[in-house]
Structures are given as structure tokens and as C-alpha cells.
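I opened this model to look up how its helices pack and where its aromatic rings sit. My notes are below the display.

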Amino acid sequence: MLRIQIFVGIISLVFFVATFELIRKEHLREEYAILWLLMSSAIAVLSLWPGLVGIISRVTGFYYITALISMVFIFFIALLMHYSIAISKMKDVNKELIQRHALLELRLREIEGEKNETGN
């Protein structure tokens, strides 16, 4: 049991550091990284203090591992939904920006065409 705890703890710490590195290199925005940082921190804490799982199970009433796995699965579904919503919003914003850009480019060409016709 100790080997798997150490392995999971190391993986969560590596994931935590990798998330910070992605933020530092501006590949990941802070608003999207908070969930990953919290999740890796929680996994690291649970792997370092396995007795905490028993306390959480008594507090929440989840005495079976399948119930706990179900809660983790629901968490990941909620996380995926959050990112799907964020991606959908970005797609809408990009579409609007492309349309505005096309209208501005059309207007610029019209203005340049009018200048060429008047000889200026």
C-alpha cells in the first residue's frame, strides 16, 4: 500500500509542478488552472495522509469505494462540462470577431475604391 501511495503522491506533485510551469510559460491561463491545482493538491494530501480518506468517508457517508469512485466520476464530468462551456464561449467570441473583421475589411476596401475613383 505504501508504494502506491508514494507513486500517486509523486505523480500528483509532478502534475502540480507541470501545471505551474504551463501557467508560467503562458500555455495555460490561471482561471483554467485553478481546478487542476486543487485536484493535484487534494490527491497529494490524500496520498500522504491515507487516514484522511476514512475521515472523509465518515463525514460524507460514503462507506463503499464504488460510491467514492462515482463521486470522482461526477467531478470529472462537471470539469469537462466547465471546459466545454468555456470552449463554446470562445468559439462564439471568435466567430463574432471574424465577422467584425470581415466587415471592417470590406469597409476599408470600399473607402480605398472611392479614393481611387476620385483620384486622391
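These entries go through the ground rules, the helix contacts, the aromatic rings and a few single residues.

**Ground rules**

I am working with a predicted model, in which local features need pLDDT of at least 70, side-chain atom pairs count only at pLDDT 80 or more, and totals for chains, interfaces and linings use all residues. Residues are numbered from 1 along each chain as its sequence is written, and side-chain values use heavy atoms, with hydrogens and water left out. Helices are DSSP runs (H or I, at least four residues), numbered from the N terminus.

**Entry: α1 against α2**

I looked up the packing of α1 (2–24) on α2 (residues 30–48). The two pack at an angle of about 160 degrees, with axes 8 Å apart. The axes are lines fitted to C-alpha atoms over the stretch in contact, and angles run from 0 to 180 degrees between N-to-C directions. I therefore noted α1 and α2 as roughly antiparallel, a label for angles over 145 degrees. Their crossing is left-handed, meaning that the near helix is turned anticlockwise from the far one by less than a right angle.

For contacts (heavy atoms within 4.5 Å), I listed residues on both sides. The α1 side includes Val8, Leu13, Phe15, Phe16 and Ile23, and the α2 side includes Ala33, Trp36, Leu37, Met39 and Ile43. By class, this contact has twelve nonpolar residues, seven polar and one charged. In this scheme Ala, Val, Leu, Ile, Met, Phe, Trp, Tyr, Cys and Pro are nonpolar, Asp, Glu, Lys and Arg are charged, and the others, Gly among them, are polar.

**Entry: α2 against α4**

Next I checked α2 with α4 (residues 65–118), which pack at an angle of about 165 degrees with their axes 11 Å apart. This pair is therefore also roughly antiparallel, and its crossing is left-handed. From α2, Tyr32, Leu35, Trp36 and Met39 meet Phe75, Phe76, Leu79, His82, Tyr83, Ala86 and Met90 of α4. I recorded ten nonpolar residues, one polar and no charged ones in this contact.

**Entry: aromatic rings**

How many aromatic pairs does a search of the whole structure find? I got five. Rings of Phe, Tyr and Trp (its six-membered ring) pair if their centres lie within 6.5 Å; planes under 30 degrees apart are stacked, over 60 edge-to-face, and the rest tilted.

Trp36 and Tyr83 are a stacked pair, at 6.0 Å centre to centre and 5 degrees between the planes. The pair links distant parts of the chain, with Trp36 in α2 and Tyr83 in α4, 47 residues apart. Tyr83 is buried at 16% relative accessibility, while Trp36 is partly exposed at 23%. The cut-offs are under 20% relative accessible area for buried, over 50% for exposed and in between for partly exposed (1.4 Å probe, protein chains only). I also noted that Trp36 and Tyr83 belong to one aromatic cluster with Phe15 and Tyr32.

Phe75 and Phe76 have ring centres 5.6 Å apart and planes at 65 degrees, so I entered them as edge-to-face. Phe75 is partly exposed at 35%, and Phe76 is partly exposed at 33%.

**Entry: single residues**

Is Ser57 buried or exposed? I found it buried, with a relative accessible area of 17%. Ser57 lies in helix α3 (residues 51–60) and, leaving aside neighbours within four places in sequence, is in contact with Phe62 and Tyr63.

Ser88 lies in α4 and is partly exposed at 41%. I read a C-alpha separation of 16 Å between Ser88 and Ile77, eleven residues apart along the chain.

Glu26 is in the loop between α1 and α2 and is exposed at 72% relative accessibility. I flagged its phi, near 60 degrees, as a positive value in a residue other than glycine. Most residues other than glycine have a negative phi.

How values were computed. Parallel < 35°, antiparallel > 145°, perpendicular 65-115°, else oblique.
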